[in-house]
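The exercises below are to be worked with the sequence and the coordinates open. Each one sets a task and then solves it in steps.

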Amino acid sequence: MNRRHLAAAVTALALALSGCATAATGSGAPQDGGTLTYLDAEIPTSAQVQESGTWQTRALQQNVTDRLVYRNAETGELEPWVAESWEVAPDGLTYTFVIRDGVTYSDGSALDATSVARNLEWQSAGDAEKGTTPNAQFPSGLTARADDATRTVVVTLTSPYAPFLNVLTSWSAGLVADATIDAPKEEQQRFVHLIGSGPFVVESEEYGKEIVLVRREGYAWAPPSSPNQGEAHLAKVVVIPVLEDSVRLGTLRAGEGDVIRYVQPSEEKGLVDAGFHVVAGTGVGLSNQWFLRSSAPFLDDVRVRHALQRLIDRDTIVDTLYTDSWSPATSVLAPGTFGYQDVSDEFAFEPDAAAALLDEAGFTQRDADGYRTKGGQRLTVKTYIDVYDNTAKSLFQAIQQQLKEAGIDLQLNELDYSTYWATAFKDPEVGFLRVGWPHPDPSRGLQQYYSKDGQDLLGLQGSDARLQELLDAQTAAVDDATRQDLLAQTQQHLVEQGYVVPVLDDSQVFVTAERVEGFRLTDGALPEFSTTSLTQ
Amino acid sequence: MSTLTTSPGPSPAAARRPAERWSAPPEAGSFRALVARLGPLDHVALAVVAFLVLAVVAPGLLTSHDPLHGDGTLVLQAPSAAHWFGTDYLGRDLFSRIVHGTVRTLLGSAVAVVIGLGVGTLLGLVAGYLGGVVDAVISRLVDVLLSIPGLLLSMVVVVALGFGALNAAVAVGIASIAAFTRLMRSEVLTVKDLPFVEASHHLGGSRAHVLLRHILPNSWTAVLSLTALQFGLSIIWISSLSFLGYGAPPPLPEWGLLVAEGREYVVSSPWLTIVPGAVIAASVLAISRLSRTIKEGSAA
Amino acid sequence: MPERTASSDRTASERAYVVRRVGQALLVIALVYTIVFFTLFVLPGDPVENKLTSPQNPLPPSAAEALLRYYQLDLSPFAQFAVGLGRLVRGDLGFSLVSGKPVVDLLAQGLSDTVVLAALAFVLTVGLSLAIALTAVFAPWGSLRSLAASVPVLSISAPSFLVGFLLLTVFSFQLGWVSSIRDQGLASYVLPAVTLAIAVNGPLSQVLVQGLTKARREPFVDVLRAKGVGERRIALGHVLRNGAVPAVTMLGLIVGELFAGAVVVETVFSRTGLGFVTFESVRDQDTPVILAVVLLVSTLYVLVNLVTDLLYPRLDPRIVRRTATGRRRTPKAAVA
């Protein structure tokens, strides 16, 4: 028998969005019209659906396209969107979606069952002719059969794929018109050719300068829980990348910008005092964490890894360097994520216990600079400062200070944005690097980082059979309870073995001007412009 | 006329000076004469340079704060009696970071100048003295280096070598080779034809001997002046590279890095950017001032 | 008849000179390309291949493969160089390793913006330098003169990112005269152009100060004064005309510095011209773009220098005499 699978797919745990999730909403009906100037910290790159991934790109895809399934950012529940309802066969091999009636793309073509089926197969298979790789989140070998008369799409998988529904909520699962799928790859990369059914349409695009979104006339298919069921309030959104933090902030303060992304935590207070609103959100997915590589010098000893976990005073860091928008990590997953379990007891700040562990591991001597040594070798751990997080510089230096007090020499290195990935992750000397960002599905996220079939960041190559088994089993665990249990065990295992040091629950921080109302974030901490309005 | 002799270089000091000044006795540029000519502005400049030297040699004398270890409770404090230049985002004393950062900053500039001076002067000597094909080859090479603006050339070298403090310094050094080569070459050419050098040739002095005995002592003020100027320019260039993110990694307090870091806090804590920026400007100004005094003195 | 022979001799030697100068200019451009190519492309670790095959490269794998084929990295460095040179001659500068776009398009797009910025900054630079030099040489008060004389050094010493930010703070954030982010036509170019002019004017100002100071001491000034010509006319009409000529040789340098300075200035002012293209390409180690930018800027420099060198004798008749007699002074240059 088929089982009704609506909304039950996600944990009942409330999504603990840190800080306020929406800017203060004024009284009365939101004002109609106006242009919102949104200043991003980076330049949106490629709009190509399967191969895009930068944060600034997601923000645009989120607002220009719609998805089959919606995840409510406040409750964490899955809700219908373009799919009115869905059913999952108990074997996890067949999904039946009923497509909402009357949805159209911005070029006028229908978003019907046929279009959905084409999108899903396109995502799963990529496009060999154009050299487009499949969307890494999607199950491979997916076939979809459409019946426009009954508005149903029947998806058949070759093997069970438990993350599927979560993946369908992802920014990268946005549905696009045939015109986009058929376009040459070069055109697919341009945002003006991203034809979706979303509340906004890309009107113009000038690389590096601005992207102009205008509201979609006649939009009437928002997720049922959205406070705005009709057209967007804003007539226009102008997205301007301003790479200089100081200029972005100055422009907002001067009243020329309405919303900015990324601000140093230290600036938040002054902005709030000046009447601005800080809107911050932790997306569902993985917490900001370090993976400890056992192959790196000294980290083969589990006692050293355990000591590292216990030497970070997260509370002090959050107190001194951050604001209420941020919180110490409590697990490998972020709170509110499906299967999240608080395992913070395993890595609480315990300097004495850590010191004992280091003594036990043989690092009993101290050198002239106060660092621990063993056999004349200084206890040194090498890392590179994360380039994706604008607070990483201060965070890494603060941790460096804390580790120094315990006699561990943390060597910080810096790379530029583009060489970081290739260089830092290949460096065999590296003890740890920061990973962990919002992800539509925790199992997929963990597999991509820690499975031998993924990036194998821990460098275990499957030698930890238990970890590999836990990760592998999640794909087939279509039953939510089973998968939650597996996820809980995985989190426990990763922390217990000293593989991962959770650091913070990351936040995307936005600042909005006083006249901006209803600006809120999605489950992935992306801005949602359809509910936003301007007062004046 | 080639580009080499007509167009003044990136620095005014490299601009061609009239040959007539060589009719003055070489002693005019001596150290004692130099000291005698110092004006009040030069004394200020000297004081700044003395401060820099002290910061390099004994930073501990100037400040007792730890440049790397901050007080977490004193984050982003405005300048005060306890913290003259305020504190940064980790509560570290900015004055201390600037003082302790002097070594690294000046070391970077020194590396750059040593490369520029060493390679550039050697090439200039060889080109000017040997002439012919060697000169033609070196002159074209210098044309190439001159045709790429210094900052752009440094960026090319940094891309080739990778990012980092030392690489940025080497890059700036390579970018300043041309100025030294051109200066040295024209010095050699002017001095070579002077009667006393020719005379010493006729008296049977070996090439190397003539070179060392006459050309080098005659050129030292000009080279010293350019060295000082390039030293100042190197500080600016390296800090520009740091600003663009191609320089030293934190937490080491390099001046350009301090300015670059401070930018993110500029609205709430402008001193983090403005103070190191002003220190850079003051240092370069002082060094340039001295460089000019040296040059003017020798030209007088 | 004999006169004719003499003048045709002269034109022949002039023509030879022009030909030699043009040849030199072309040689320098070719050398720039060669040296930068080998610096950027033939480093250990195959920078281009690394870049293209990196999982973080935003370029889709299909496009990356196409580019790998295009750049023929399996060839020897010299063969790669030959291929690249052949394409360069046909006006093909290759493709960006990050966006996959043709480099020519990127440059054209960046240039269209930066040319306006550089032109405005150029005018400002010349105006600023003249003002500084005239003040430094002719101002009636000694303190003002020495103050003006120290401005060139001061402007060299001021990091342009700081100058740019201060200008933005005052004129955009505080006074609100011009937008910090929106394109308002020519008005948007003013602040960045002022920043550039402040960064670049130092050397020109200094040469002008030297030139004017020297021209002022020339005997003809005394003659004019004896004739009863007013000081103002002497200063602006005669001294300036004579003293400013040497500064013409700085044009190439200034143009080059303006384009290089645009890297920092465009970053501060969120502009997307050639400086931004350069900044991005260095950040992303997008070697074909860097190579093209360097080639473009150095070509500009060489061209401007070539033109000023060829025109210089016409501007300053003394130069002709000097070249005639001056061969002795700079014999090696003549050989070169």
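**Exercise 1. Describe the confidence of chain A in this predicted model, from the chain average down to the weakest stretch.**

Solution.
- Step 1. Chain A has a mean pLDDT of 89, with 94% of its residues at 70 or more.
- Step 2. Among the elements of chain A, the lowest mean pLDDT, 38, belongs to strand β1 (residues 3–4), and the highest, 97, to strand β6 (residues 94–99).
- Step 3. Residues 1–26 of chain A have a pLDDT below 50, and this stretch makes 78 contacts in the model beyond near neighbours in sequence.

**Exercise 2. Give the corresponding values for chain B and chain C, then the scores of the model.**

Solution.
- Step 1. For chain B the mean pLDDT is 76, and 79% of the residues reach 70 or more. Its residues 1–28 fall below 50, with 73 contacts beyond near neighbours in sequence.
- Step 2. Chain C averages 80, and 84% of its residues score at least 70.
- Step 3. Among the elements of chain C, helix α15 (residues 331–335) has the lowest mean pLDDT, 31, while helix α5 (residues 103–138) has the highest, 91. Over residues 319–336 of chain C the pLDDT is below 50, and that stretch has 23 contacts beyond near neighbours in sequence.
- Step 4. The model has an ipTM of 0.80 and a pTM of 0.81.

**Exercise 3. Trace the open sheet of seven strands in chain A and place the helix that lies across part of it.**

Solution.
- Step 1. The strand order is β9-β10-β11-β2-β12-β23-β13 in chain A, and the pairing is mixed.
- Step 2. Strands β9 (200–206) and β13 (277–281) of chain A are the edges, each pairing on one side only.
- Step 3. Neighbouring strands in this sheet are turned by 20° against each other on average, direction ignored.
- Step 4. Strands β10 (residues 210–215) and β11 (residues 236–241) of chain A run antiparallel and are joined by four bridges. In this pair, Val214(A) stands opposite Lys236(A) of β11(A).
- Step 5. Helix α1 (residues 55–64) of chain A lies across β2 (35–40), β9, β10 and β11 of chain A, at about 140° to β9(A).

**Exercise 4. Why is one side of β15 and of β21 of chain A left without a neighbour in the open sheet of four strands?**

Solution.
- Step 1. The order in this sheet is β15-β22-β14-β21 of chain A, with antiparallel pairing.
- Step 2. Strands β15 (327–328) and β21 (432–435) of chain A are at the edges and have a single partner strand each, so one side of each has no neighbour in the sheet.
- Step 3. Strand β14 (residues 288–292) of chain A pairs with β21(A) in the antiparallel sense over four bridges. Here Gln289(A) stands opposite Val435(A).

**Exercise 5. How far does α5(C) reach, and where is its kink centred?**

Solution.
- Step 1. With 36 residues, α5(C) reaches 49 Å from its first C-alpha to its last, close to the expected 52 Å.
- Step 2. The kink in α5(C) is about 30° and is centred on Leu111(C).

**Exercise 6. Which classes of residue make up the side of chain B that touches chain A?**

Solution.
- Step 1. The contact takes 18 residues from chain B and 23 residues from chain A.
- Step 2. The chain B side has 11 nonpolar, four polar and three charged residues.

Note on methods: Residues numbered from 1 in each chain as written. Chains lettered and ligands numbered in written order. Predicted model: local features only at pLDDT ≥ 70, side-chain atom pairs only at ≥ 80, totals over all residues. Pairing = 2+ DSSP bridges. Helix = DSSP H or I, 4+ residues; strand = E, 2+ residues; numbered from the N terminus. Axes fitted to C-alpha atoms, helices over the stretch in contact; angles between N-to-C directions. Contact = placed C-beta atoms within 7 Å. Nonpolar A, V, L, I, M, F, W, Y, C, P; charged D, E, K, R; others polar. pLDDT = per-residue confidence, 0-100. Expected span 1.5 Å × (residues − 1). Bend = angle between axes of the 7 residues up to and from the residue.
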